[in-house]
Amino acid sequence: MPTLILTLALAALVAQTAAPKFEQRTFKTADGLTMRYGLSVPGEYNASRPRPLVLALHPGGSAPYYGDGFLRSIFLPGLRDLAPIMIAPDVPGRAWTEPRAEQAVMALVAAMIDEFAVDRQRILVVGFSLGGAGTWYLSSRHADRFTAAIVLAGRSEEPLTALARVPTYVIHSRNDEVVPFSQAEERTRALETMGRPVRFDALSGVSHYEMGSYVDALARGGRWVSERWGR
């Protein structure tokens with residue numbers, strides 16, 4: 001009997017630490033747009049156990065499966081503790097804030113909810129730089145779909161009153177030479193004063209181009225979001 005118990009315990013441990021499964025896919029929208037996206041599914045995924053869904057928005061740049069590269073190198077390493085289903089599309093256009101991009105991305109999210117066992121109370125949007133702006137934008141316009149947001153080095157153009165209607169973790173470096181630190185800090189502090197569910201994580205000594213240096217802060221953001229979900 002002790003041997004059987006040990007065997008079962010080891011099997012459970014292996015299942016919990018199984019490597020994620022990755023795919024590169026394409027998604028066709030109702031208006032005929034084809035969008036590439038990367039997909040990560042937990043190795044121990046089981047349809048009887050709904051998972052968080054993470055939409056990851058890449059920074060500026062363009063190449064086939066551009067988002068998938070950041071999914072594997074930045075977003076999933078930072079948010080691994082959530083054991084999420086994660087999707088990382090290539091922006092269909094120049095920015096995530098364009099109407100066609102918004103429609104395509106939200107259609108992709110809906111398709112993932114139909115395909116997988118997704119916990120609809122745990123749907124997160126996260127992005128860096130261009131993707132950070134997209135995160136502010138999509139979370140402000142789709143608070144009925146997203147239940148949390150993590151913004152990394154992202155500028156916001158939306159009215160302050162539209163922001164952080166869902167728990168929002170903002171990460172920005174004081175040394176960012178591309179997207180000003182001041183706007184992120186000032187807007188987040190104003191949102192705190194308004195009583196919005198936000199947290200600001202200020203980094204130092206990190207260039208805008210050192211995205212890998214955001215991974216630890218992203219992990220902190222993931223834990224903060226998980227705590228909010230737990231409430």
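**Note on the predicted model: sheet, cores and selected residues**

1. Strand 2, which covers residues 34-41, has six of its eight residues buried, and it is therefore largely enclosed by the rest of the structure. Please keep in mind while reading that this is a predicted model, and that the points below describe that model.

2. On one side, strand 2 pairs with strand 1 in the antiparallel sense, over eight bridges, and within this pairing Glu 23 stands opposite Leu 39 in strand 2. The two strands form a hairpin with five residues between them, and in the turn Gly 32 has a positive phi of about 95°. Strand 2 also pairs with strand 4 (residues 85-89), again in the antiparallel sense, here over four bridges, with Tyr 37 standing opposite Pro 89 in strand 4.

3. These pairings belong to a wider arrangement, in which eight strands form an open sheet in the order 1-2-4-3-5-6-7-8, with mixed pairing. Strand 1 (21-28) and strand 8 (198-203) stand at the edges, and because each has a single partner strand, one side of each is left without a neighbour in the sheet. From one strand to the next, the twist averages 20°.

4. Where does the mixed character of the pairing show itself? Whereas strand 1 and strand 2 are antiparallel, strand 5 (residues 118-128) and strand 6 pair in the parallel sense, over five bridges, and Val 126 stands opposite Ile 150 in strand 6. Helix 4 lies across strand 3 (51-57), strand 5, strand 6 and strand 7 (168-173), and it runs at about 140° to strand 5.

5. Which residues have the most contacts inside the largest nonpolar core? This core has 30 residues, and the ones in question are Phe 75, Leu 79, Leu 124, Val 126 and Ile 150. At least two residues of this core are supplied by each of strand 3, helix 2 (66-79), strand 4, strand 5, strand 6, strand 7 and helix 6 (215-230). Apart from it lies another core, of 28 residues, which includes Val 105, Val 118, Tyr 137 and Phe 146. As a general background for the student, nonpolar side chains in soluble globular proteins tend to be buried together.

6. Leu 79 can serve as an example from the largest core. Leaving aside its neighbours within four places in sequence, Leu 79 is in contact with Val 54, Pro 84, Met 86, Leu 124, Val 126, Ile 150, Leu 218 and Gly 222. Among these partners, Leu 124, Val 126 and Ile 150 are also listed with Leu 79 as residues with the most contacts inside the core.

7. Thr 135 lies in helix 4, and with a relative accessible area of 0% it is buried. A polar atom of the Thr 135 side chain lies 3.0 Å from the backbone nitrogen of Gly 127. Not counting residues up to four places away in sequence, Thr 135 touches Leu 57, Val 125, Val 126, Gly 127, Ala 149, Ile 150 and Val 151.

8. Is Thr 147 buried or exposed? Thr 147 is found in the loop between helix 4 (130-141) and strand 6 (148-152), and its relative accessible area of 18% makes it buried, because the cut-off for that word is under 20%. Its side chain reaches the backbone oxygen of Gln 121 at 3.0 Å, while a polar contact of 2.9 Å joins the side chains of Thr 147 and Trp 229. Gln 121 and Trp 229 also appear among the contacts of Thr 147 beyond four places in sequence, together with Arg 120, Arg 122, Ile 123, Val 166 and Pro 167.

9. Val 198 is found in strand 8, and at 9% relative accessibility it counts as buried, although strand 8 is one of the strands at the edges of the sheet. Leaving aside neighbours within four places in sequence, Val 198 is in contact with Ala 164, Thr 168, Thr 188, Leu 191, Glu 192 and Trp 224. The C-alpha atoms of Val 198 and Ile 150 are separated by 9.7 Å, the two residues being 48 residues apart along the chain.

10. Finally, Arg 231 lies in the segment after helix 6, and at 76% relative accessibility it counts as exposed. Arg 231 and Ser 40 are 191 residues apart in sequence, and from C-alpha to C-alpha they are 26 Å apart in space.

How values were computed
Residues are numbered from 1 along each chain as its sequence is written. This is a predicted model: local features need pLDDT of at least 70, side-chain atom pairs count only at pLDDT 80 or more; totals for chains, interfaces and linings use all residues. Side-chain values use heavy atoms; hydrogens and water are left out. Buried means under 20% relative accessible area, exposed over 50%, partly exposed in between (1.4 Å probe, protein chains only). A polar contact is a pair of N or O atoms within 3.5 Å; within protein, one must be able to donate a hydrogen and the other to accept it, and residues adjacent in sequence count only if both atoms are side-chain atoms. Contact means heavy atoms within 4.5 Å. Two strands pair if DSSP finds at least two bridges between them. Axes are lines fitted to C-alpha atoms, for helices over the stretch in contact, and angles run from 0 to 180 degrees between N-to-C directions. A nonpolar core is a set of buried Ala, Val, Leu, Ile, Met, Phe, Trp, Tyr and Cys residues joined through side-chain atoms within 4.5 Å.
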